[in-house]
Each structure stands twice: as C-alpha cells, then as structure tokens.
Amino acid sequence: QINFFGKCSYQASLSYAMESDILLIIDPPAANGIIMTSKLSDYSQTGRPILGITNQISTLHDIFDNYGGGIAADCNSIESICNALCELYSHWEKGTLDEAYSSERLFHLFAPEGIMKAYKSIFAGIGITK
C-alpha cells in the first residue's frame with residue numbers, strides 16, 4: 001500500500017513518515033550520484049527503513065552499503081526494484097524490518113558532531129588544522 005499525502009507541513013510529513021513501514025527516495029535515472037541529503041537526513045530521524053530507487057552507482061547506494069538504513073534498487077532495472085520490494089516485504093512479514101534496515105543507523109552521519117568531524121578531516125587533509 002502506498003500513501004501519497006500531498007503538500008503538508010514539515011512536522012506533518014515527519015509524523016506521516018514515523019507512522020510508515022518503509023520510506024521512499026527516488027533518484028532520477030540521470031542523477032549520477034546526486035543525493036537528496038535533506039530528505040535522507042529527515043528520514044534518518046524517524047528510524048524507518050528506506051527504499052532508495054537510484055542508479056546502481058550512486059551516493060545513496062554507497063551510504064546504504066556502508067552504513068545500512070535501507071536498501072538500494074537500481075532505477076534502471078525493474079527486476080532490481082522488485083527484488084528490493086520482496087526483500088523488504090519478507091522482513092516486514094517476519095517482523096525483522098527495523099532490525100535489518102533501520103535508518104537510525106544513518107542519524108550519526110547528519111548529527112552536528114558527525115558533520116564537524118567530517119569537516120575537520122577534510123581540513124586536515126588539505127593542511128588546515130585548528
């Protein structure tokens with residue numbers, strides 16, 4: 001079942017997301033690694049699993065591979081999307097969806113401490129320290 005709520009406030013959208021079993025991010029086929037950082041950050045606050053329909057080689061795919069929090073399906077492959085939906089549905093049926101794909105694992109990527117750590121690493125890499 002897919003629910004589309006239309007335009008709503010930020011708080012209402014988070015409430016809807018928290019009530020959902022799975023959240024969805026769809027990247028256009030030609031995005032070449034573009035990531036919807038604000039949407040991913042918002043979703044990670046809910047802890048709900050994310051289905052990312054994206055390019056096979058993309059930032060979103062890399063994030064899920066490295067940190068978990070969701071499953072990426074190739075936006076150019078109906079079979080890949082079907083397999084991802086079946087995987088998520090199987091976990092939903094067994095009651096293991098959150099255990100397997102909770103986006104709470106991603107929250108540290110967007111928390112202020114994590115962002116400051118990343119900036120410090122970047123600055124140290126280019127020779128600026130403080």
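# Group meeting talk: a walk through the predicted chain

Let's begin in the middle, with one residue: Ile50 sits in strand S2. Before I go on, please keep in mind that this is a predicted model.

So, is Ile50 buried or exposed? Ile50 is buried, because its relative accessible area is 0%, and buried here means under 20%. And what does Ile50 touch, once we leave aside neighbours within four places in sequence? The list includes Ile22, Leu23 and Ile25, then Leu40 and Tyr43, and also Phe64, Ile71, Tyr101 and Leu106. Gly69, Gly70 and Ser103 are in contact with Ile50 too. If you'd like a distance to check on your screen, the C-alpha atoms of Ile50 and Asp62 are 14 Å apart, with the two positions 12 residues apart along the chain.

Now let's look at the strand around Ile50. Strand S2 is largely enclosed by the rest of the structure, because five of its five residues are buried. Both faces are covered: Ile50, Gly52 and Thr54 lie on one side, with Leu51 and Ile53 on the other.

Which strands does S2 pair with? With S1, residues 23–26, S2 runs parallel and shares four bridges. Leu24 is the residue that stands opposite Leu51 there. With S3, residues 70–74, S2 again pairs in the parallel sense, this time over five bridges. Ile53 in S2 has Ala73 in S3 as its bridge partner.

S1 gives us a nice contrast in burial. In a regular strand, the side chains alternate between the two faces of the sheet. In S1, Leu23 and Ile25 point to one face and are buried, whereas Leu24 and Ile26 point to the other face and are not buried.

Let's step back for the overall picture. The chain has seven helices and three strands, and read along the sequence they follow the pattern α-β-α-β-α-β-α-α-α-α. The C-alpha trace spans about 50 × 30 × 30 Å along its principal axes. There are 130 residues, and 35% of them are buried. Among contacts with a separation of 6 or more, 58% are between residues 24 or more positions apart.

Next, helix H2. Which residues of H2 are buried? They are Leu40, Ser41, Asp42, Tyr43, Ser44 and Thr46. These buried residues pack against S1 and S2, and also against helices H1, H3 and H6. Just after H2 comes Gly47, with a positive phi of about 80°.

That leads us to the salt bridge. The count for this model is one, and it joins the side chains of Asp98 and Arg48 at 2.8 Å, N to O. The pair links distant parts of the chain: Asp98 is in helix H5, Arg48 is in the loop between H2 and S2, and they are 50 residues apart. How do the two partners compare with the burial cut-offs? Arg48 counts as buried because its relative accessibility is 13%, whereas Asp98 counts as partly exposed at 37%.

A quick stop at a histidine, too. His91 is in helix H4, residues 78–94. With a relative accessible area of 15%, His91 is buried. Its side chain makes a polar contact with the side chain of Glu87 at 3.1 Å. Beyond its neighbours within four places in sequence, His91 is in contact with Thr96, Leu97, Ala100 and Tyr101. You may remember Tyr101, which is also in contact with Ile50.

Last, let's go to the outside. The chain exposes about 8600 Å², and carbon and sulfur atoms supply 57% of that area. Where is there a nonpolar surface patch? One of about 690 Å² is made by Ile115, Met116, Tyr119, Ile122, Phe123, Ile126 and Ile128. Ile122, one of these residues, is placed in helix H7, residues 112–125.

To recap, we started at Ile50 in S2, followed the parallel pairing of S2 with S1 and with S3, met the salt bridge between Asp98 and Arg48, and finished at the nonpolar patch. Thanks for listening!

Terms used. Residues are numbered from 1 along each chain as its sequence is written. This is a predicted model: local features need pLDDT of at least 70, side-chain atom pairs count only at pLDDT 80 or more; totals for chains, interfaces and linings use all residues. Side-chain values use heavy atoms; hydrogens and water are left out. Helices (H or I, at least four residues) and strands (E, at least two) are DSSP runs, numbered from the N terminus. Buried means under 20% relative accessible area, exposed over 50%, partly exposed in between (1.4 Å probe, protein chains only). A polar contact is a pair of N or O atoms within 3.5 Å; within protein, one must be able to donate a hydrogen and the other to accept it, and residues adjacent in sequence count only if both atoms are side-chain atoms. Contact means heavy atoms within 4.5 Å. Patches are made of residues with over 30% relative accessible area and no salt bridge: like charges are joined within 9 Å, nonpolar side chains (Val, Leu, Ile, Met, Phe, Trp, Tyr) within 5 Å. Accessible areas come from the Shrake-Rupley method with a 1.4 Å probe; for residues, only the protein chains shown count as cover. A salt bridge is a side-chain nitrogen of Lys or Arg within 4 Å of a carboxyl oxygen of Asp or Glu. Two strands pair if DSSP finds at least two bridges between them.
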